[in-house]
Amino acid sequence: MGIPSWDDIVVIEHRKNSGEPTVVTINCPDKAGLGCDIVRIILEFGLYVTRADFSTDGKWCYIVLWVVPRPSSLAIDWQSLKSRIISACPSFMISFYLNQQSTSSRPSPLYLLKMFSLDRKGLLHDVTKVLCERELTIQRVKVMTTPDGKVLDFFFITDDMNLLHTKERRNDTCENLGRVLGECCISCEIELAGPEYEGQQDFSSLPEEVAEDLFSCELSNKESRSQALTSKLKNVKKATITVDNLMSPAHTLLQIQCVDQKGLIYDILRTSKDCDIQIAYGRISPSAKGYQSVDLFIQKTDGKKIIDPESQLAFCSRLKEEMLHPLRVTVTSRGPDTELLVANPVELSGKGRPRVFYDITFALKTLGICIFSAVIARHSTSDRQWEVYRLRLDESREFPFSSRRAQHEIIERVKKTLMGW
């Protein structure tokens, strides 16, 4: 077979009629976790996978994704999406692309965005939106409100386009932020983060009862009810997994059905990748009555089926937990202050879930709630690492935080935004 060109690796086909999915086809050499990496990029761009087919022989893979933008998504730069997906694909012309491949494999440098501005409702989300539009990924953030009503923001960011080392890219980003914030913006600058920040993550120290509430493996009845998509689904199981070792002589078949939600396919592929489960063939069927069905033909890394009942149970339990409870949300009181906490598991590769901070700040902006301070940090439990978002909220007349009803509404709005409900 001939070697395909770069244009053949990723083909994006737009449908003629409005509202129909865009078809993204990837045809490239395979590598462990490639499907997870590609779906993660899809999620970063605010796209939703409505249907998918993917197959591999262990050396070459073929993936077809039907995607649509989420209602609250930013404008999609399809050419940039294509470039990002190509960058995730293994190089097949080593001699020609060796230099590009070695460059892209290096970790992106960390930059520090420092902003000083007047405070107003929705300020933090507006900044986050500009960064997302410009394909700048927020790794950590520290936001502080001064006594005189000003805000000092420190965003530690990486550039998905790898252009932030240029003065033009930095100036253009600051000018965009200035236009969006208007007179509220006092100063804005971007610089390479010092060596004391590179490769480091702030770790969060949480009170024991708060950590237990966030990271508990078991869902309480109250949490289970609150995560139902609609009232008619409240009494229906939201995640079922069937294991079949008779359908295929070489693979174990997993048949999965779960409530449709943002990032569902990413969570399934992320969990499989972290558990060293190889997917030879997969099909994601279009959502029906609020549910999405997934068929996966899988193997262990030694190329064998998953026969052992305990191994089956462990993997299926892990999958159910990640599908039912991929994000943890709670509101707690710290003396006179009210704090919103959101946690999501970090991939073994060290990457956190895309666009979480964007969704949190969007939800709070729609509720009219101001953010007094915000921190993104890491928290380690016995079996994994978590990304924790801690936001101190400013109380308002509409949301007196002493009210349980108000706290419940905050949790529900944030959770529904994160889950795409």
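Over how many bridges do strand E6 and strand E7 pair, and in which sense? The legends below take this up in a predicted model.

**View 1. Strands E6 and E7 run side by side as an antiparallel pair.** Here is the reply to our opening puzzle: E6 (residues 136-145) and E7 (residues 150-159) are joined over nine bridges, in the antiparallel sense. To find your place in the pair, look for Val141, which stands opposite Phe155 in E7.

**View 2. Eight strands make up an open sheet.** Step back from the pair and follow the order E8-E5-E7-E6-E15-E16-E14-E13, with antiparallel pairing. Strands of a sheet pair through backbone hydrogen bonds, either parallel or antiparallel. The edges belong to strand E8 (185-192) and strand E13 (328-334); each has a single partner strand, so one side of each is left without a neighbour in the sheet. From one strand to the next, the twist averages 25°.

**View 3. Helix H6 packs on the sheet.** Formed by residues 167-181, helix H6 touches strand E5 (111-118) as well as E6, E7 and E8. The direction of helix H6 makes about 155° with that of E8.

**View 4. Helix H12 lies across E13, E14 and E16.** This helix covers residues 404-419, and the strands it crosses include E14 (337-345) and E16 (385-394). Relative to E13, helix H12 runs at about 150°.

**View 5. The largest cavity has a volume of about 140 Å³.** Rolling a probe the size of a water molecule over the atoms shows where empty space is left. The structure holds four cavities of 30 Å³ or more. In the largest cavity, 17 residues form the lining, and Arg120, Gly122, Leu123, Leu124 and Ile371 are the closest to its centre. Two or more lining residues come from each of helix H5 (123-133), E6, E7, helix H11 (356-367) and strand E15 (370-380), so you will meet the pair from View 1 again here, as E6 and E7 are among these elements. By type, the lining of the largest cavity divides into eight nonpolar, four polar and five charged residues.

**View 6. The second largest pocket has a volume of about 600 Å³.** Its lining counts 32 residues, and Asp30, Lys31, Gly33, Gln278 and Ile279 lie nearest the centre. Helix H2 (34-44), strand E3 (47-56), strand E4 (60-69), helix H9 (264-274) and strand E11 (278-284) each give two or more residues to the lining of this pocket. Sorted by type, the lining of the second largest pocket holds 17 nonpolar, ten polar and five charged residues.

Methods:
Residues are numbered from 1 along each chain as its sequence is written. This is a predicted model: local features need pLDDT of at least 70, side-chain atom pairs count only at pLDDT 80 or more; totals for chains, interfaces and linings use all residues. Side-chain values use heavy atoms; hydrogens and water are left out. On a 1 Å grid over the protein atoms alone, a cavity is a set of points where a 1.4 Å probe fits but cannot get out, and a pocket is an open set with protein on both sides within 12 Å along at least five of seven lines; lining residues have an atom within 4 Å of a point. Grid points are joined across faces, edges and corners, and a volume is the space filled by probe spheres set on the points. Helices (H or I, at least four residues) and strands (E, at least two) are DSSP runs, numbered from the N terminus. Ala, Val, Leu, Ile, Met, Phe, Trp, Tyr, Cys and Pro count as nonpolar, Asp, Glu, Lys and Arg as charged, and the others, Gly among them, as polar. Two strands pair if DSSP finds at least two bridges between them. Axes are lines fitted to C-alpha atoms, for helices over the stretch in contact, and angles run from 0 to 180 degrees between N-to-C directions. Contact means heavy atoms within 4.5 Å.
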